[in-house]
Amino acid sequence: MHMSMMLKHYDKLLDNFWIAFDIRDYILENLTDEELGIEMLCRKFNLSKRVLRYQFSHNFGENILTFINNKRMILADGLMRNDNLTITDVYMRVGYKDESTFRYHFNRYKP
């Protein structure tokens with residue numbers, strides 16, 4: 001009986017561990033979706049905000065929103081450098097709804 005309880009406990013720990021990787025993969029696959037954010041991820045993975053944030057930061061050592069913004073900035077930087085696009089051309093392509101929010105994050109981004 002004790003062994004069964006221990007196995008259930010470790011199964012739950014492993015599920016929690018792997019969900020962070022599923023979340024990261026989902027973010028990377030849907031990076032340019034304007035709706036991508038905490039609320040969307042909570043609905044998708046059926047998690048509370050607290051659990052979502054904890055699982056992600058615990059496994060990757062980074063805040064989930066910082067991760068999303070940094071990945072979007074890397075993509076935007078590449079588009080502007082390689083394709084010679086302007087900020088106005090890029091912000092919607094990388095998942096931002098408005099140019100001012102994009103500019104705020106882009107100015108704070110340091111590659």
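Guide: A helix in this discussion is a DSSP run of H or I that holds at least four residues, and helices are numbered from the N terminus. With that label in hand, N84 can be placed in the loop between α4 and α5 (87-90). Please keep in mind throughout that the model is predicted.

Visitor: How many helices and strands does the protein chain have?

Guide: The protein chain has six helices and zero strands, and from the N terminus on its elements run α-α-α-α-α-α. Of its 111 residues, 34% count as buried, and among the contacts with a separation of 6 or more, 52% are accounted for by residues 24 or more positions apart.

Visitor: How should a packed pair of helices be read, and at what angle do the axes of α2 and α3 cross?

Guide: Two packed helices are described by the angle between their axes together with the distance between those axes. In this model, the axes of helix α2 (residues 38-45) and helix α3 (residues 49-60) come within 9 Å and cross at roughly 95°, which makes α2 roughly perpendicular to α3. On the α2 side the contact is made by I38, E39, L41 and C42, and on the α3 side by K49, L52 and R53. Sorted by class, this contact has four nonpolar, no polar and three charged residues.

Visitor: Which residues of α3 are buried, and what does the face turned away from its buried side carry?

Guide: A residue counts as buried when its relative accessible area is under 20% and as exposed when that value is over 50%. In α3, the buried residues are L52, Q55, F56 and N59. Seen down the axis of α3, these buried residues fall within an arc of 90°, so they line one face of the helix. The face turned away from that buried side carries R50 and H58, which are exposed. As for its length, α3 has twelve residues and spans 16 Å from its first C-alpha to its last, close to the 16 Å expected at 1.5 Å a residue.

Visitor: How is a positive phi to be read, and which residue takes one just after α3?

Guide: Most residues other than glycine have a negative phi, and most peptide bonds are trans. Just after α3, G61 takes a positive phi of about 65°. N46 also has a positive phi, of about 55°, although N46 is not a glycine. N46 sits in the loop between α2 and α3, where N46 is exposed with a relative accessible area of 70%. The residue with which we opened, N84, is another non-glycine with a positive phi, near 50°, and N84 is exposed with a relative accessible area of 65%.

Visitor: Where the axes of α4 and α6 come within 10 Å, at what angle do they cross?

Guide: The same general idea, the angle and the distance between the axes, is used for any two packed helices. Here the axes of helix α4 (residues 64-82) and helix α6 (residues 99-108) cross at roughly 90° and come within 10 Å, and α4 and α6 are therefore roughly perpendicular to each other. The meeting residues are N69, M73, A76, D77 and M80 in α4, with F102, H105 and F106 in α6. By class, this contact has five nonpolar, two polar and one charged residues.

Visitor: Taking single residues of that contact, is A76 buried or exposed, and which residues is A76 in contact with beyond its neighbours within four places in sequence?

Guide: A contact, for this purpose, needs heavy atoms within 4.5 Å. A76, which lies in helix α4, is buried with a relative accessible area of 0%. Beyond its neighbours within four places in sequence, A76 is in contact with V90, V94 and F102. A76 and R93 are 17 residues apart in sequence, while their C-alpha atoms are 8.1 Å apart in space.

Visitor: What, then, do D77 and N69 touch?

Guide: D77, also found in helix α4, is buried with a relative accessible area of 15%, and, not counting residues up to four places away in sequence, D77 touches F106 and Y109. N69, again in helix α4, is buried with a relative accessible area of 16%. Leaving aside its neighbours within four places in sequence, N69 is in contact with Y96 and H105.

Methods
Residues numbered from 1 in each chain as written. Predicted model: local features only at pLDDT ≥ 70, side-chain atom pairs only at ≥ 80, totals over all residues. Heavy atoms only, no water. Axes fitted to C-alpha atoms, helices over the stretch in contact; angles between N-to-C directions. Helix = DSSP H or I, 4+ residues; strand = E, 2+ residues; numbered from the N terminus. Parallel < 35°, antiparallel > 145°, perpendicular 65-115°, else oblique. Nonpolar A, V, L, I, M, F, W, Y, C, P; charged D, E, K, R; others polar. Expected span 1.5 Å × (residues − 1). Buried < 20%, exposed > 50% of the residue type's maximum accessible area, 1.4 Å probe, protein only. Arc of directions from axis to C-beta.
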